[in-house]
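I opened the sequence and the structure side by side and kept notes on what I looked up. The entries follow in the order I made them.

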Amino acid sequence: MIRFLQSFDFRKSRYARPNQTWVCGREAEGAPCRLGPDSRGRCRAAGECMPRRDGDAWCCTRPQSAGGPCVEGPRPDGTCCRQIPRCQPVRSVRAKRGLAARWAAAVAVGVMALALYGSDAADWLSPGGLTAHHAEIGDCATCHEDFDGSPADWVRAAFNGVPDAHQGDSRQCLTCHEMGDNAFDPHGADEQRLAQSTEAQQASLAANVRPIGLNLAGRALREPDELGEGTACASCHSEHQGADASLTEMSDGQCQSCHTLKFASLSSGHPPFQSYPYDRRTGINFDHVRHIRKHFPETDGAEAPEQCVDCHATDSAGALMQTASFEETCAACHTADVRGTNAAGSPGIPAITVPGLDVMSLREADAAIGAWPELSDQPLTPFMQVLLANGRVEQEHMARFRQLDPLDLRDAEPADIEAVEAVAWGVKELVYDLISDGPAALQPSISAALGREVASDTAARMLAGLPLETVRGAQAEWFPDLAREVAMHRAGKEVAIPAGEFAAVSEDDGGSDTEGEAAEDAGQADILSGDDDSGGDLSGGGEESGGGDILSGAEEEAGGDLLGGSGDSGDDILGGDGGSGDDILGGDADSGGDILGGGEEDAGGDLLGGDSGGGILSGEEEGDTGGDLLGGDAGGSEDEAKVEVALPAPDPERWSRLGGWYRDYFALRYRPRGHADPFLATWLDVTGAAQGPAADAVFEGLAVDGGPGKCVKCHSVDETKGGTLAVNWTQPRSSSGEHNFTRFAHDPHITSVATEDGCATCHAFAPEADYQASFDDRSAATFASNFQPIGEDTCTSCHVESKAGNACTQCHDYHVGEAMRVEADTRLDDMTMSAKEE
Amino acid sequence: MTFAARRLRNTSIALAALALMGLAVWLHHLALRDTSFLTGWLLVAAFIVLAGYNMRKKLPFLPLADSASWLQVHVYLGYLTIALFLMHTGVKMPNGVLESVLWVLVVALLVTGLFGIAISRLIPGALTQHGERIIYERIPAFRAQLASEVADLATKSVEQTASGTVASYYTQRLQPFFARPRNFWLHLLGSSRPRQAMCREIRSLERYVAKEDQQTLDEIEARVLAKDNLDYQHAWQSLLKGWLFLHIPLTYAAIVVAVVHVVLAYAFASATS
């Protein structure tokens, strides 16, 4: 039997007010008073009703719901006769809930205050652990500038808004990560490079399959590059995600968010590869097609490579395909080219020369240059122009000198003579300083000529260990009275050109010399010898340059001497020197069949030859001079001459065939020692990086095709943005630190092509390409590879989402340019303090 | 509008809003924007509207639509808030202490909200099905009334039969039973064992009482059943009101922590775009 209790009859039902904060304390007992407590929780119980006065009587007002008027009625004083005992009101359910909410809020405020102001605020407030790379960063302020302020400052910072990347906390990232000048620009690349890249890609894309999401994002939201606020590091690198979180994970959509060209995937809408990967001229000029088809078959089979791997292997990172060293690949055929063994001209580089001057005209003009070798016909080489910089020769004098023909000064103006004097003394002081202070004396001149400081080690490589004895020997030949002349010149005294210099010298030193008495330091004094350093003239006892003497043993261009032995002389009756031929008595290298040839090696069968064996009057068998019947060293008697064996007198150039310095008449020459010769490489690097006529002249002199060492025959020269020139000595390496937009590693791909066409799977020859034309100019962009470009199809055969993957970051880097480095900012004095404390 | 039509409308609106929010977040993600700011502010806005329902109930005089409409908004926006929260946090527990506290608070808030929706949908029907539905605030009064009636019946039995059987049973079992709500958890578990046990006990007394007391036992049993229904109503209505003791305080606590979270996010967000 169900008993229904509730009635909604107003006479039986009490009016409930659940929204009231306080309820009667007897509510839980089921007997609350009708009035209930007031709003502040005080019991208002007095009587069951508040009697109403009706005339002189008081009437009970208890409602029907509470039982109606009572039988007893109010008391005479008008109070209710049924007094209700007072209670302790309690909160209503709603009020209790409100109280709980307030308590919860208060507890939360307390906990937050502890978190904000407590000593462990950093731990409480950190949004999460850092990645392992940043785990050692303990102080929040290292990355968040505002953290050092108070919570009030944080509130202020929050209301200041988020600054752009250039002003925000991204700057803090750069204290450790060196990102270059364009750190917050897209890709860290300069605007021009991005613009070029964008333009190129836009031009190449015919059908742009733009995904709808990227379309919408582009329309609805400003793209980051439009904001001009820079790209904050945290746009892509989200920290506080825990130790194992990836800082570099990016979706393809995000990659394309900034790109003007948006496409679905590599196989759908990706811009064509164009000339990939041959978009830049190779550093080494190596024509694969020509070598494989022409040169290799002509070589000894053992030297020609048979497979790609004979010359190529990936680097340690497995990324770039490297070429084996010169010694392993090219040396077998090209070493002679480098050393100049097969060169037509002199393989030595005239680094220090005595420029030829019209001494006769200078003498007539009373030029005060002291003694000067009249037979020198050397030009003032670019090297000398560099070495005479830094005040040795004033620029105006040098400029005027360059306009002159120093070998013909008959019509020279006084200013011209002055310029020649300046150059002449510059040369003498250069030689003097070189002897007195060593090669270090030239460092300031090199720095001044190149317009930038040249480090000591660089200068050392540029002078390649020039030996003192070589310089001294040259000085003795060129300027025997150098010390006195320089001293007088520096004292401000004029040093006139000696009248009839060589005649005078002969009179002084060797005028009365007999055939055997005209001994000189480097000469072999054979009466008819025409060796380069030999004096030994019949009547002229001078040193090497006995121009005009009857039997002078002059050097080059002593043309017209009766018995002159000269370099390029020809038709001298007794002339003898390199290159001469058919001289009656000529004797020197390569001369052959001379009657009295006194030359060096290769001369054979000379009647009076003092070199090679077989000469009738030769005192020696093998090509060494000395001790000939008519030849003679100083003081040698006939008997002694017969038993003495003179030292060989080799051709200096041939003697230096393995490289190094040697004196060749009026020049100190340097012959490359081999591949990667530091002298050549350093001069090319330093002068290429410098600007100015002197540097340009040196560079162009060395970089000419077929020049000494033949460096640029293989190593291409790039003109940089700054207008300087750079020789590509080395091939790109993974460790070089350069990051490009596209990344490729050979190793993971080798296995996939090993069973098919091998390297040709990707690298197919393009025999029709004019590869050599790529090196006609110095722009790295000028390139016609003799390999066909790789097309997207080659990649998409594997690189689809279901196979090898096709995410953007699989092949592309975001940050381009120099490698990102992490640098520790440690002061040395801090380290010293630490050491002291310890 | 029928209940089904209203539900269809509200569900459609909620799904459309969810799709729009998802689209906005996706586009922000594609545009290299930090989506946590977008989802964060959407969450703040949602919380303001959700908390506004409670405010609305405290300000009944304002013409701000009726409570039922507010409840509908509250319920469906609550569903959306769950989705927003998952977008904001990435369906994972945060790593930081403060964020974890906020995450726990919001999750608890959402869970209690879902619980509230569930019991609001289920309990009223069960209450009606179980017996007479009693206004929660009136339950003590009816319990007191029933207790008084049973006491009167016991007294009357002693007076009429001079037997103490009913009175003894009243003293030992009925008086404690009617003194306060009983079997709270058993009622929540849906158990009727207490009621059946009491009825069996009353029936078992029949063999020991006089014929006059048979009627008294019937009347007592009727009141025991009524009291059992009161206990049932009390238990479930306490639950209907009690979940708000978690939901609302959690709301306040979450708001406090969320304010700190927003300030910190902006103060130290200058590394983001």
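Where in chain B does UniProt place the feature "transmembrane region"? I note before going on that the model is predicted. The unreviewed UniProt entry gives residues 12-31, 37-55, 67-88, 100-123 and 243-269 of chain B.

I checked two of these spans for secondary structure. Residues 12-31 of chain B are 95% helix and 0% strand, and I read 28 Å between the end C-alpha atoms of that span. For residues 100-123 of chain B, I found 100% helix and 0% strand, with the end C-alpha atoms 33 Å apart.

Next I turned to a sheet in chain A. I found an open sheet of three strands in the order E8-E10-E9, with antiparallel pairing. Strand E8 (349-353) and strand E9 (660-664) of chain A are the edge strands, and each pairs on one side only. With direction ignored, I noted an average turn of 30° between neighbouring strands of this sheet.

I then looked at the pairing of E9(A) with strand E10 (residues 667-671) of chain A. I found five bridges between these antiparallel strands. I followed A:Trp661 to its bridge partner in E10(A), which is A:Tyr670.

Last, I searched for disulfides. The count over all chains is zero, with the cut-off for a sulfur pair set at within 2.5 Å. From A:Cys140, the nearest cysteine sulfur is that of A:Cys143, 8.5 Å away. A:Cys798 is in no disulfide either, and the nearest cysteine sulfur, that of A:Cys795, is 9.0 Å away. I entered A:Cys798 as partly exposed because its relative accessibility is 35%, and partly exposed lies between 20% and 50%.

Technical notes. Residues are numbered from 1 along each chain as its sequence is written. Chains are lettered from A and ligands numbered from 1 in the order in which they are written. This is a predicted model: local features need pLDDT of at least 70, side-chain atom pairs count only at pLDDT 80 or more; totals for chains, interfaces and linings use all residues. Side-chain values use heavy atoms; hydrogens and water are left out. UniProt positions are given in the numbering used here, feature names are shortened, and annotations may be inferred rather than shown by experiment. Helices (H or I, at least four residues) and strands (E, at least two) are DSSP runs, numbered from the N terminus. Buried means under 20% relative accessible area, exposed over 50%, partly exposed in between (1.4 Å probe, protein chains only). Two strands pair if DSSP finds at least two bridges between them. Axes are lines fitted to C-alpha atoms, for helices over the stretch in contact, and angles run from 0 to 180 degrees between N-to-C directions.
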